[in-house]
Amino acid sequence: MLAAGIAIVARVEGQSRPLVAPAAAAIYQRLLPQISRIKLFDHHAHPAFPDDPDVDIAPPPPGASPLRLRAENPETSAAARVLFGFPFTDMKGAHGKWLVDRKAALRRQQPGAAYFNGILDKLGIETSMANRVAMADYLDPARFKWVFFVDCFMFPFDNTGLMSNPDRDVYMPLQTSLLKRYAQQLGLASPLPATFGEYLSFLTRTLEENKRRGGVAVKFEASYFRSLSFGDPTGPTVEPIYEKYRSGGMPTADEYTRFQDFIFRHLIIAAAELKLPVHIHTSVGGGDYFDLRGVNVLNLEHVVRDPRHRETTFVLIHGGYPYDREAILLASMKNVYLDSSATELMLYPTEFKNVLRRWLEWFPEKVTFGTDAFPYNEALGVEEVYWMGVHTSRTALAAALAEMIAAREISEAQALTMARGYLHDNAAALYK
Ligand SMILES: [Zn+2]
């Protein structure tokens, strides 16, 4: 066992690692190889080749990157070394081109779905969510499950007034075009039919159609566009707003917010009726204008604790970071789950271990693994990000559990049950 642990550590030289309390070091070495054999269920990722326009509806414009996500981080070279035999320690000059050429050659050797299935196999990922505008023919539907975006239904009117900063200048037109795409999918002449009732029917039918096309969950990235503090207006007070602006004109801020609030509630009820879990982006986001106060998960407290939404399954994507303590307390609700994706990329493994340990000490059966793999560019592709996410999560998890065992909080058998739950079983059970 110890030898296997050492082999794993040696193979990933150049990668950051969690610092483990000395009293837990031997337990860590025992746990890591066992944890590394558990098949993974990646609850949140954006698998795609870098040239695929359907990967995301709101790719954030470049803002300030945290230290770990900067281009010069040597960890990406370590990932490329393990996955593709990358022989260099950085991506400078011709090194990046070597990697791009190597991936292109592999893609030719493994056409269709074989390339990405091969990547999942190398990483030990059994199933990965694919949060995308639409699915791609190069993703095997048996391994990749579609999570589709629904924010666009909240923003059907003239969005000029919402384009108040350079990030939203990019995001809002994408909402308009996705709404049009959904209308075309159903053969509707316009995304804004004559009556409010028909608009709500368009929304429901799109959810049904996307489920028929393989969709397993809906995704809100609303926090890129507005606060997650949702009011609770009634339909009759919102209908006149639709009638007033469906043919043009810009709603006032108050009118538009009330409209969005109603549609949000309507969407999460419609999703519950179709047994589609609701994924909500709940962490700090990219770009320079992200509203940190607005994304605080406590804004969602009255939604997830609302008896009318008890049938909706909520997945707090990215686990609320930096409000991760608040997030795990919301997971006391039977229908609320956390996904750790992106947190394990933004944080180095030592701090991610601390986050995981706090979560596992509260509601271990509600915490799920994810990577947030995304194709940043040709060299730093989905493949390397998947690997960084997997490696960070396995090592941080082993460290968190080893410390809990050393502190006599749990037994080693309990630790392995928690590991299987976090890495696979807790999320997989939501899509049975
Ligand atoms: Zn994401």
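Here is a quick tour of a zinc site, a cavity, some buried residues and a helix in this structure. Keep in mind that you're looking at a predicted model. A zinc ion sits between three protein donors, His44, His46 and Asp372. Elsewhere, there's 1 cavity of 30 Å³ or more, and Ser223 is one of the residues that line it.

**The zinc site**

- The atoms that hold the zinc ion are NE2 of His44, NE2 of His46 and an OD atom of Asp372, and they lie 2.0 to 2.2 Å from the ion.
- Write the donors out along the sequence and you get the spacing H-x1-H-x325-D.
- That brings distant parts of the chain together: His44 and Asp372 are 328 residues apart.
- His44 belongs to the loop between β1 (40–42) and α3 (75–84), while Asp372 belongs to the loop between β8 (367–368) and α15 (382–406).
- Are these two donors buried or exposed? His44 has a relative accessible area of just 1%, so it counts as buried. Asp372 comes in at 12%, which is under the 20% cut-off, so it is buried too.

**The cavity**

- The largest cavity has a volume of about 60 Å³.
- Its lining includes Asn165, Asp167, Arg168 and Tyr171, along with Ser223, Tyr224 and Gly286. Tyr289, Phe290 and Asp291 also help line the cavity.
- How does that lining divide up? You'll find 4 nonpolar, 3 polar and 3 charged residues.

**Ser223, one of the lining residues**

- Look for Ser223 in the loop between β4 (215–220) and α8 (235–245).
- With a relative accessibility of 2%, Ser223 is buried.
- A polar atom of the Ser223 side chain lies 3.2 Å from the backbone oxygen of His281.
- Leaving aside residues up to four places away in sequence, Ser223 touches Leu228, His281, Phe290 and Val295. Phe290 is also in the cavity lining.

**Thr282 and Ile317**

- Thr282 sits in the loop between β5 (278–281) and α10 (292–295), and Ile317 is in strand β6 (residues 314–317).
- Both are buried: Thr282 has 0% relative accessibility, and Ile317 has a relative accessible area of 0%.
- What does the side chain of Thr282 have beside it? One of its polar atoms lies 2.8 Å from the backbone oxygen of Ile317.
- Not counting residues up to four places away in sequence, Thr282 touches several others, among them Leu228, Val295, Leu316 and Tyr321. Ser223 touches Leu228 and Val295 as well.
- On the same terms, the contacts of Ile317 include His44, His281, Asp339 and Ser341. Remember that His44 is one of the zinc donors.
- Ile317 and Asn426 are 109 residues apart in sequence, and their C-alpha atoms are 14 Å apart in space.

**Helix α3**

- Because 8 of its 10 residues are buried, α3 is largely enclosed by the rest of the structure.
- Which residues of α3 are buried? They are Glu75, Thr76, Ser77, Ala78, Ala79, Ala80, Leu83 and Phe84.
- The cover over these buried residues includes α4 (94–109), α5 (114–123) and α15.
- After α3 comes Gly85, which has a positive phi, near 70°.

Conventions:
Residues are numbered from 1 along each chain as its sequence is written. This is a predicted model: local features need pLDDT of at least 70, side-chain atom pairs count only at pLDDT 80 or more; totals for chains, interfaces and linings use all residues. Side-chain values use heavy atoms; hydrogens and water are left out. Donors are N, O and S atoms within 2.8 Å of the metal (3.2 Å for Na, K and Ca); water is not among the atoms, so sites may look incomplete. Helices (H or I, at least four residues) and strands (E, at least two) are DSSP runs, numbered from the N terminus. Buried means under 20% relative accessible area, exposed over 50%, partly exposed in between (1.4 Å probe, protein chains only). On a 1 Å grid over the protein atoms alone, a cavity is a set of points where a 1.4 Å probe fits but cannot get out, and a pocket is an open set with protein on both sides within 12 Å along at least five of seven lines; lining residues have an atom within 4 Å of a point. Grid points are joined across faces, edges and corners, and a volume is the space filled by probe spheres set on the points. Ala, Val, Leu, Ile, Met, Phe, Trp, Tyr, Cys and Pro count as nonpolar, Asp, Glu, Lys and Arg as charged, and the others, Gly among them, as polar. A polar contact is a pair of N or O atoms within 3.5 Å; within protein, one must be able to donate a hydrogen and the other to accept it, and residues adjacent in sequence count only if both atoms are side-chain atoms. Contact means heavy atoms within 4.5 Å.
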